[in-house]
Amino acid sequence: MSALSLKKDRPVLAKSFLKFQLAPNVAAMLPAGSVQEAVVLPTRRVMAMPNMPAALLGLINRRGRVFWVANLVRLLGLPVPDQHTQQYSLIIVQGRSTPIALQVTSIDGIVSFPPEAVHPPPNNVSNIIVPYLEGCVTHNDATIFILDVESLLQSSVLQTN
């Protein structure tokens with residue numbers, strides 16, 4: 001048997017994602033390879049910075065490194081639910097540029113899906129979020145958005161600061 005036929009017979013591996021709640025009843029995922037860490041911190045650990053856009057919550061010092069913290073819902077330009085919390089669920093991501101901590105509603109954990117499960121977003125998805133999507137997965141009759149880390153890091157909110 002040649003090396004070519006062995007490669008051809010191998011099953012396609014599922015891709016891993018970190019699943020989280022973007023907002024109540026809105027699930028999203030980031031490719032696990034782009035995630036450095038997922039952590040829950042008290043809100044007092046985020047140092048607010050003056051004169052910053054509303055999407056930027058402030059700075060954190062995590063393991064001797066300083067990260068900007070961005071509210072992901074605001075970064076995407078979506079309506080922000082009125083919620084007061086004592087802690088932030090943060091996902092530290094790294095693309096080709098500086099790492100950033102993204103604040104989300106809650107973190108659900110690691111999930112895997114085969115490549116054929118990923119499909120384009122439905123037509124009723126807001127045009128505001130489409131530039132930040134890699135695709136979607138339908139699971140248990142719910143659509144889960146797959147966000148593109150590089151697109152998030154290139155957001156105009158982050159580029160002007």
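Reader: Let's start with one side chain. Is Glu37 buried or exposed?

Author: Happy to begin there, and please keep in mind that this is a predicted model. Burial here means a relative accessible area under 20%. Glu37 has a relative accessible area of 16%, so this residue counts as buried.

Reader: Thanks! Which residues are linked with Glu37 in a network of salt bridges?

Author: One pairing joins the side chains of Arg62 and Glu37, at 2.6 Å from N to O. Another joins Glu37 and Arg63, at 3.1 Å from N to O. In general, side chains of opposite charge can pair when their charged atoms come close. The partners of Glu37 in the network are therefore Arg62 and Arg63.

Reader: How many residues apart in sequence are the parts that Arg62 and Glu37 tie together?

Author: Look for Arg62 in strand S4, which covers residues 56–62. Glu37 sits in strand S3, residues 35–42. The pair therefore ties together parts whose separation in sequence is 25 residues.

Reader: And where does Arg63 lie, the residue that pairs with Glu37?

Author: Glu37 belongs to strand S3, and its pairing with Arg63 ties together parts that are 26 residues apart in sequence. Strand S5 covers residues 65–71. Arg63 is found in the loop between S4 and S5.

Reader: Is Arg62 buried or exposed, and what about Arg63?

Author: The cut-offs are under 20% for buried and over 50% for exposed. With a relative accessibility of 17%, Arg62 falls on the buried side. Arg63 reaches 70% relative accessibility, so Arg63 counts as exposed.

Reader: Which residues is Arg62 in contact with, leaving aside its neighbours within four places in sequence?

Author: Arg62 lies in strand S4. One of its contacts is Glu37, whose side chain also meets that of Arg62 in a salt bridge. The complete list of contacts is Glu37, Val39, Leu41, Phe67 and Ile92.

Reader: How many salt bridges does the structure hold?

Author: You have already met the network that links Glu37, Arg62 and Arg63. A pairing that involves other residues joins Glu134 and Lys15, at 3.9 Å from N to O. The total for the structure is four.

Reader: What are the relative accessibilities of Glu134 and Lys15, and how many residues apart are the parts this pair ties together?

Author: Glu134 counts as partly exposed at 40%, and Lys15 also counts as partly exposed at 39%. Glu134 lies in strand S9 and Lys15 in strand S1. The pair therefore ties together parts with a sequence separation of 119 residues.

Reader: Turning to the interior, which residues have the most contacts inside the largest nonpolar core?

Author: In soluble globular proteins, nonpolar side chains tend to be buried together. The largest nonpolar core in this model has 28 residues. Among the elements that give two or more residues to this core are strand S1 (15–23), helix H2 (72–75) and helix H3 (149–153). The residues with the most contacts inside the core are Phe20, Leu30, Leu72, Leu102, Leu147 and Leu152.

Reader: What does Phe20 contact, leaving aside its neighbours within four places in sequence?

Author: Phe20 is one of the residues with the most contacts inside the largest core. Its contacts include Val26, Met29 and Leu30, along with Ile91 and Val104. Also among them are Leu72 and Leu147.

Reader: How many residues are in the second, separate core?

Author: Leu41 and Phe67 are both included in this core, and both are also contacts of Arg62. Val46 and Ile60 are included too. The size of this second core is 11 residues.

Reader: Which residue in the loop between S9 and S10 has a positive phi?

Author: Arg63 gives a useful parallel, with a positive phi near 55 degrees in a residue other than glycine. In the loop between S9 and S10, a phi of about 65 degrees belongs to a residue that is not a glycine either. At 82% relative accessibility that residue counts as exposed, and its name is Asp141.

Reader: Finally, how many helices and strands does the protein chain have?

Author: Along the sequence, the pattern reads α-β-β-β-β-β-α-β-β-β-β-β-α-α. Buried residues make up 40% of the 161 residues in this chain. The secondary structure comes to four helices and 10 strands.

Note on methods:
Residues are numbered from 1 along each chain as its sequence is written. This is a predicted model: local features need pLDDT of at least 70, side-chain atom pairs count only at pLDDT 80 or more; totals for chains, interfaces and linings use all residues. Side-chain values use heavy atoms; hydrogens and water are left out. Buried means under 20% relative accessible area, exposed over 50%, partly exposed in between (1.4 Å probe, protein chains only). A nonpolar core is a set of buried Ala, Val, Leu, Ile, Met, Phe, Trp, Tyr and Cys residues joined through side-chain atoms within 4.5 Å. Contact means heavy atoms within 4.5 Å.
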